[in-house]
Structure formats: structure tokens, C-alpha cells
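This briefing sets out the secondary-structure arrangement of the model displayed below. It is grouped by topic and intended for reading alongside the coordinates.

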Amino acid sequence: MTRPEPGSTADVTVDRTVGIDAPPGAVYRLIADITGWPQIFSSIVHAEVVEDRLVGRAVREQTVRVWALAGERVESWTSRRILDPSAGEVCFEQIVTAEPVLRMGGRWRIEPTDDGATRLVLSHRYRTVPGDAAAAGRVAQAVADNSATSLAALRNHAELGERHDALQFAFRTAVDIDGGTEDVYAYLQQAERWPERLPHIVRTRVTGAGPGLAHLDMDSRTPDGCLHHTVSVRVCFPDRHTIVFKQRRLPVVMSAHTGRWQLAEVRAASGAPRVRATAWHTITLDPEGVRSTYGVDATTAEARRHLRAALSTNSGATLSHAKQYAEAARTGA
């Protein structure tokens, strides 16, 4: 690591390395697919590709946006990435930074080892406002902590190998609604009103985390009558009629749970416009949690069936009530 004196205008460069018992190609794919990061990294709430273009035979340039937890805050930034699979590199640079950071970029470098595994190097290159030693120290500690956490999480995920497909799964529940898109979106967005509107919701507490951002603390009842406490972060996109979420407080059976509420206009057989409201869930199971929750002989297939049934039932109930609300609003009932 190079660390200039406070007040210097030079960049700080930090390299951190981890060995991963997985093929380089598998590690590269996890880094390249930024939309899958919320399932890998605990701090990442949501990540999306804003622009993606080919700039060479296989090299891609992307503009991406990321929402991530920083304590109780949710921070968002936009970065430019260069993806070069032949070189085993993904380079990144934040387009807009916030003080005390003046510049933040770096590189993921995937190196094959002689035994077919991977040596992964995560490099950061950054600059902070000159003359503020305390701020420089905070940024240095944050980069060190985040690098260590990210590399450990990536290693653990990559080393799942063939078990990944059994442990991670996604499903959806959809309802067509003869109502207004704005009414459906408002119903799903106004989680503070769910206890009075939804019979399976016992309590909610919504606190702001920034524009379009919220923490949702909620108690709900599962189909078997058990009380279930969840804490989630929500990112709302009114212009897209979409709400994405990441569950922060997880049952032991899960290592990650993300999802989204998404509205789209469709046409009925008569040609009349309808709203298709869809609830998506993506879950990564914890193998030890599966055994402790469902028994030492339980399979991941059993856990998948149980979780899908419970979450689909509650999501379906929410969408059913949203349908009643929006259709009544349209008819004036």
C-alpha cells in the first residue's frame, strides 16, 4: 500500500489478495455480473447496468449504478467498468464521488494458479481532500474493511461450485389488475399502511434512508400462523413502477434474500389495458441453516419448497389486496 502524507495530492493505492478454490472463469463471471452482487455481498442492496456496449472483440464498457449499506445509511454511486475476460480483469472508476473522496477506482484481477484455482487481487486507487488527515484515515479504514469483507464473501460464494444451483433459486407471483398503475404502486409503496390493509401484516415501521430509500421493519404471520420478523431496505423507482428490496435480518435458513415488486401494462383479451403486478424473490440458502431448521436429513429441495410456499402465499395475499384496492379506486366503489 502507498500512503502519502496528509495534504498530498497523490493517489493512495491498496492491493488485497485472496486465494479461491474455484476456476478463474467462475470467479470472473461472479465479478462481471454486477446484477448478482446483492446475493453475494451483504452490503449491496441493489446493482444495475445503466449502459452496456462492446468496445472490442470481447471487451465491454459498462456504466453501472450501485446502492449499498453504510451503517444505517444507503449510499449510491455510478461507476464506469471495463470488462476484459481474456485478460481476466474488471476495471472500475466512480464517475461522481462524494467528499472527502475526490477519486475512487481500481481493478479486479483474476489470476489462474497451477492447480486450477484462482488468485484474486482487488486493487483500489483513490484520492481524498488534501489536508484532512482524519477523513483520509476514515476512507482508508473503510476501503480496507470493505475489501476484506468483499473478498471473503466472493470466495465463499465461488467455492459453492456445483452446489450453487441447488442453494440459489428465484420465483415469482403475478396478478393481473383492472386498475390504475399509480394506485397499485402507491399501495405497494405505502408499507406503513399495510397493518390496516393486509391481514397477515401485524406491524410495520418505516424509516427514511434517503430519497426513494427506506428501512422497513415488519412483523408478519406465515401461513402456519408463526410470527415472522423481518428488516429490509427498499429502493423505490416511481418512474419505473418498481420497488426493489433486500432483507437485512435473515432466518438462519437463508444467507441472502432479495426481491422486487414490478408493475407492467398488459392487454386483456378484450384489448383493455391491465396492470400486471409481479412479486419476485431470489434466495440463497445456508446449508447449515437448512439442517438446523428442517432437520439433519433435510434437503435443499425441501427448504426451497417450504420457503417458496410461504413467501408466495404472503406475496399473493398482498397482490390480491392491492388488486381489490386499485379496482375499487377505478370504479369508485
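Strands β5 and β6 pair in the antiparallel sense, and five bridges link them. The model is a predicted one. The points below begin with the sheet to which these strands belong, proceed to the helices packed on that sheet, and then turn to a further sheet and to selected residues of helix α8.

**Pairing around β5**

- Between β5 and β6 lie six residues, and the two strands form a hairpin.
- Within this pairing, E93 has G105 of β6 as its bridge partner.
- On the β4 side, β5 is joined to β4 by six bridges, and these two strands run antiparallel.
- R80 has E93 in β5 as its bridge partner, and E93 is in turn partnered with G105 in β6.
- The hairpin of β4 and β5 has four residues between its strands, and G88 adopts a positive phi near 65 degrees there.

**The sheet containing β1 to β7**

- Seven strands make up an open sheet with antiparallel pairing, and their order is β1-β7-β6-β5-β4-β3-β2.
- The edges are occupied by β1 (12-20) and β2 (44-54); each has a single partner strand, so one side of each is left without a neighbour in the sheet.
- From one strand to the next, the twist averages 20 degrees.
- Strand β3 (residues 60-70) and strand β4 (residues 73-84) run antiparallel and are joined by eleven bridges.
- Opposite R65 stands T78 of β4.

**Helices on this sheet**

- Helix α1 packs on the sheet and touches β1, β3, β4, β5 (89-94), β6 (101-112) and β7 (118-128). The direction of α1 makes about 155 degrees with that of β6.
- Helix α3 also packs on the sheet, where its contacts are with β1, β6 and β7. The direction of α3 makes about 160 degrees with that of β7.

**Packing of α1 against α3**

- Two packed helices are described by the angle between their axes together with the distance between those axes.
- For α1 (residues 24-32) and α3 (residues 133-158), the packing angle is about 125 degrees and the axes are 10 Å apart. This angle makes α1 oblique to α3.
- The two helices, α1 and α3, cross in a right-handed sense.
- On the α1 side of the contact are V27, L30 and I31, which meet L154, H157 and A158 of α3. By class, the residues of this contact comprise five nonpolar, one polar and no charged.

**The sheet containing β8 to β14**

- A further open sheet consists of seven strands in the order β8-β14-β13-β12-β11-β10-β9, with antiparallel pairing.
- Its edge strands are β8 (168-177) and β9 (201-210), each of which pairs on one side only.
- Neighbouring strands in this sheet are turned against each other by 20 degrees on average, direction ignored.
- Strand β9 and strand β10 (residues 213-221) run antiparallel, with eight bridges joining them. In this pairing, V206 stands opposite L216 of β10.
- Strand β8 pairs with strand β14 (residues 273-285) in the antiparallel sense over ten bridges. V175 has A277 in β14 as its bridge partner.

**Side chains along β8**

- In a regular strand, side chains alternate between the two faces of the sheet.
- Strand β8 displays an alternation of this kind: F169, F171, T173, V175 and I177 point to one face and are buried. The other face receives Q168, A170, R172, A174 and D176, which are not buried.
- V175 therefore combines a place on the buried face of β8 with a bridge to A277 in β14.

**Two residues of helix α8**

- N314 is located in helix α8 (residues 300-331). Its relative accessibility is 15%, so N314 counts as buried.
- Leaving aside residues up to four places away in sequence, N314 touches H200, S220, R221, T222 and P223.
- A329 is likewise located in helix α8. With a relative accessible area of 41%, A329 is partly exposed.
- In sequence, A329 and G180 are 149 residues apart, while their C-alpha atoms are 8.1 Å apart in space.

Conventions:
Residues numbered from 1 in each chain as written. Predicted model: local features only at pLDDT ≥ 70, side-chain atom pairs only at ≥ 80, totals over all residues. Heavy atoms only, no water. Axes fitted to C-alpha atoms, helices over the stretch in contact; angles between N-to-C directions. Parallel < 35°, antiparallel > 145°, perpendicular 65-115°, else oblique. Left-handed = near helix turned anticlockwise from the far one by under 90°. Contact = heavy atoms within 4.5 Å. Nonpolar A, V, L, I, M, F, W, Y, C, P; charged D, E, K, R; others polar. Pairing = 2+ DSSP bridges. Buried < 20%, exposed > 50% of the residue type's maximum accessible area, 1.4 Å probe, protein only.
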